[in-house]
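Trainee: Please show me the structure, and then we can go through some questions on it.

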Amino acid sequence: MDWVNVAVQGVLLGGLFALFATGLALVFGVMRLVNLAHGDLGILAAFVALFLLDSFSLGVFWASLASIAIMFCVGYVLQRGLLNYTIGTDDTRPILVTFGLSIIIQNALIMQFSADSQGLDAGAIENASVRITDQLAVGWYPLIVFGVAVAVIAALQLFLNRTTLGRAFRATSDDQEAAELMGINNRHIYSLAMAIALAIVALAGILLAVRTTFDPSQGPFRLIFAFEAVIMGGMGSIWGTLIGGIILGVSQTLGAQAFGAGWGIFVGHVVFLAVLAFKPSGFFAKTVTA
Amino acid sequence: MSTPLESMPSKGIPAFRIARSAPMHRYVLIVFLAVVAVLASVPFWAQTGTIRTLVTFFTLLALAQMWNLLGGYAGLISVGQQAYVGLGAYGVWLIADILGLHPFIAVPLAGVLAAVVALPVGPLLFRLKGGYFAIGTWVVAEVVRLIVANIQATGGGSGKTILSAARLPIDTRIQGTYFLGLGVAVGSILLVYFLLRSRVGLALTAIRDNDLAAQSSGVNVFRSKLLVYVIAAFGCGAMGAVVALNLLRIQPTAAFSINWTAYALFIVVIGGFGTIEGPIIGSVIYFALLQNLSQYGTSYLLLLGVIAVIMAAKAPRGIWGFVAKRWNIHLFPVRRRLVLEAPPPGDDGGPADASDPPLAEPA
Amino acid sequence: MSILEVKDVDVFYGDFQALFSVSFSVEEGQTFAFIGANGGGKSTLLKTLAGLLRPTSGEVLFQGEAINNVPAHTRVGMGIALVPEGRRVFPSLTVHENLLIGAYGGRKGEWNVESVLELFPLLRPLIKRQASSLSGGEQQALAIGRALMSNPHLILLDEVSLGLAPVVIKRIYEAMGHLVQKGTTILVVEQDVQHVLTVADYVACFLEGRISLEGQPGDLSSEQITAAYFGM
């Protein structure tokens with residue numbers, strides 16, 4: 001009974017992981033770029049929301065919306081102005097540059113906001129829960145987050161499959177040179193993909209900030225969890241990141257329940273390494289090579 | 001110093017040999033030995049503070065060499081070498097305090113411990129490529145950190161003191177740590193140097209250029225990568241062990257900190273990616289910056305991050321890369337050049353020798 | 001005014017020079033064939049015309065306008081379409097989606113999904129299939145159809161018969177015949193000299209980055225062509 005509760009919490013937690021993971025997977029799918037600053041950018045969004053909230057007395061909702069819009073623009077400019085120049089046959093440059101970016105963001109946040117933990121207050125919704133059965137109660141907030149994750153992933157999948165621009169994304173992902181021959185401007189597509197990815201990770205960062213405390217050093221952990229969700233779910237599959245996220249979430253919550261709070265994350269890592277060892281292409285891989 | 005690979009002049013094919021060194025390299029060797037000799041004399045005339053600062057420099061240099069070996073030569077960018085730095089640090093404690101061996105002996109053994117851990121980890125991580133490999137290395141570092149930080153036996157979050165080292169007479173400890181540090185730094189340079197001169201080194205340059213082509217030429221890509229990964233772990237472990245002796249205290253957050261990767265990345269990006277000279281120059285520059293800017297705290301890390309990003313984006317070969325290309329200088333003779341012994345038939349030029357501009361650059 | 005003029009164009013791949021001072025002009029509605037052995041520079045030329053490569057010197061004039069620095073994705077909108085070597089259909093997209101994406105940056109005109117399917121009826125039953133599951137010949141038809149979807153003024157065909165069975169090649173060339181009838185200007189690169197000479201108005205032979213022979217197929221003897229092809 002307790003275990004079921006814990007497992008359900010894990011599933012819902014997986015929704016948040018999936019939301020972090022979706023942007024990472026999208027960017028990798030479209031331009032084979034792994035953004036090591038991905039988690040930090042999500043945390044940055046939370047700080048931006050916090051800043052807007054404090055400085056302009058905006059409600060959480062409007063501050064969050066504004067932050068997401070800002071991060072969308074940041075994504076476009078970042079890709080167009082910097083990261084587009086690092087993409088090429090050499091794998092190493094994007095890693096070096098995005099890692100450097102991660103360091104910059106973390107230290108800039110510390111300078112501006114200090115290293116202290118912060119929180120975004122969304123009021124009563126955070127703690128309210130709904131009773132499903134006699135033994136099972138589920139928090140409203142985790143349920144909402146999970147719902148948002150599913151909605152975002154569904155919307156993204158719809159965008160990719162049903163719209164002209166989405167088709168252009170997929171074509172660019174398949175063969176970027178041939179895509180140019182179709183009239184697709186790669187640099188613009190890459191920048192749009194990054195913009196969308198950062199908007200999604202901004203949403204994820206804000207939802208996280210409402211749920212728990214956050215500080216400038218949280219970025220790398222978010223990156224790692226997102227990465228584990230992507231790998232376990234399988235490369236090339238957006239829905240796969242939801243499954244991967246759920247596996248990770250359940251592993252963490254069950255691990256914490258079984259071995260103590262400090263070990264939950266550890267169990268998540270172990271499960272990830274096990275999947276990497278025995279099913280390296282993940283559970284829903286569409287592409288076989290990375 | 002040429003390999004025995006030579007050819008007899010036959011129909012239209014000029015005689016050639018594969019040369020690695022030029023006369024200039026003799027001077028480089030002399031300078032290198034002189035510098036090492038001077039450094040070896042330091043404990044006998046310098047202050048304790050200076051000695052300990054130099055040890056820190058040596059460890060950073062070794063770390064950068066190992067990181068560059070992985071990233072610049074084998075094409076494996078790791079952001080998780082701190083796993084082995086920390087293992088080296090805790091290894092000293094384990095081998096010296098718990099098993100009772102002399103702390104100085106514990107340094108190379110700690111390196112071996114790190115290498116042993118790397119052996120099964122490498123193949124697991126090789127299932128990932130590029131940026132995902134990088135994050136994978138980070139996960140491994142996190143796993144090790146979590147284990148060490150959460151079990152009481154290793155001191156948990158508050159860490160341990162290296163008691164066996166603390167109990168040594170202070171002069172012995174300071175000087176011994178210094179020589180171990182110097183040894184680790186010089187050793188890392190020599191290790192990379194001799195590795196690159198060997199067959200594995202040739203395989204590595206092929207792999208770095210084109211993984212798939214190298215494999216179809218018969219290079220055992222997996223074994224070469226694994227060898228380099230394990231060696232880099234050894235180097236990071238030994239260097240972490242020296243850090244532990246230098247500080248006497250180890251603690252999981254510091255031992256397994258991502259900052260180790262940050263330092264290595266800065267040094268290599270600024271100094272020069274994919275060369276032996278680069279990390280040396282980068283370490284000197286970084287260290288100088290460190291001494292002058294650390295008073296500013298967080299903003300200096302920010303500045304370094306900005307410099308690293310700009311250089312990685314615009315000048316990925318770093319300062320040494322620029323120098324090497326511009327003036328065609330290579331201090332360490334690891335590249336292999338094709339040298340013609342006699343003019344091809346029909347030519348009326350004299351025989352080419354090793355100091356002429358190279359005809360072909362396979363490296 | 002010729003639809004395409006190439007004047008003294010040099011193209012490099014890194015340090016390697018692939019084209020040396022190449023010059024020629026193409027009239028509207030012409031079918032211009034480039035033949036020559038591998039490595040002669042034919043594909044390089046088409047890629048340069050499509051904008052994937054830039055000349056280091058010389059000029060490329062399309063409808064009188066210099067387009068040296070116009071990026072590839074803009075050239076589609078101007079009316080230049082390339083069917084690249086190796087077909088390069090988008091493997092994860094369906095046949096239908098491949099055709100639709102062909103129209104992404106293109107112009108209005110008579111070519112649409114329906115008219116393309118009339119030209120290549122073999123594609124009709126495959127319309128919902130993933131392009132990666134098509135055979136070589138089907139992919140080639142798809143690649144040509146995809147290029148047509150942009151309603152090009154000038155279509156560039158790079159080795160469309162490579163690796164295909166003779167019966168498929170025949171069908172491809174029949175389709176080419178339709179294009180010729182409609183007045184489309186075609187630049188075709190081929191290793192299969194026999195076939196291409198039957199449709200070409202003008203032919204140029206490439207050898208090691210230079211044009212070694214050019215003229216109307218009727219005026220050139222097979223000995224001349226062989227000599228120019230192999231550089232004898």
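Mentor: What follows is a set of questions and answers on this model.

Mentor: This is a predicted model, in which local features need pLDDT of at least 70, side-chain atom pairs count only at pLDDT 80 or more, and totals for chains, interfaces and linings use all residues. Residues are numbered from 1 along each chain as its sequence is written, while chains are lettered from A and ligands numbered from 1 in the order in which they are written.

Trainee: Why are the buried residues of helix α15 of chain B on the same side?

Mentor: Helices are DSSP runs (H or I, at least four residues), numbered from the N terminus. A residue is buried if 20 or more other C-beta atoms lie within 10 Å of its own, exposed if 12 or fewer, and partly exposed in between, with C-beta atoms placed from the backbone. In α15(B), residues 318–327, the buried ones are B:G318, B:W320 and B:G321. They are on the same side because the directions from the helix axis to their C-beta atoms cover an arc of only 105°.

Trainee: Which exposed residues does the face turned away from the buried side of α15(B) carry?

Mentor: The buried side holds B:G318, B:W320 and B:G321. The face turned away from that side carries exposed residues, namely B:F322, B:R326 and B:W327.

Trainee: Is A:G264 buried or exposed?

Mentor: A:G264 lies in helix α11 of chain A, residues 264–278. Because 21 other C-beta atoms lie within 10 Å, A:G264 is buried.

Trainee: How many residues of chain A are in contact with chain C?

Mentor: Two residues are in contact if their C-beta atoms, placed from the backbone, lie within 7 Å. On the chain C side 21 residues take part, and on the chain A side the number is 15.

Definitions and conventions
Helix = DSSP H or I, 4+ residues; strand = E, 2+ residues; numbered from the N terminus.
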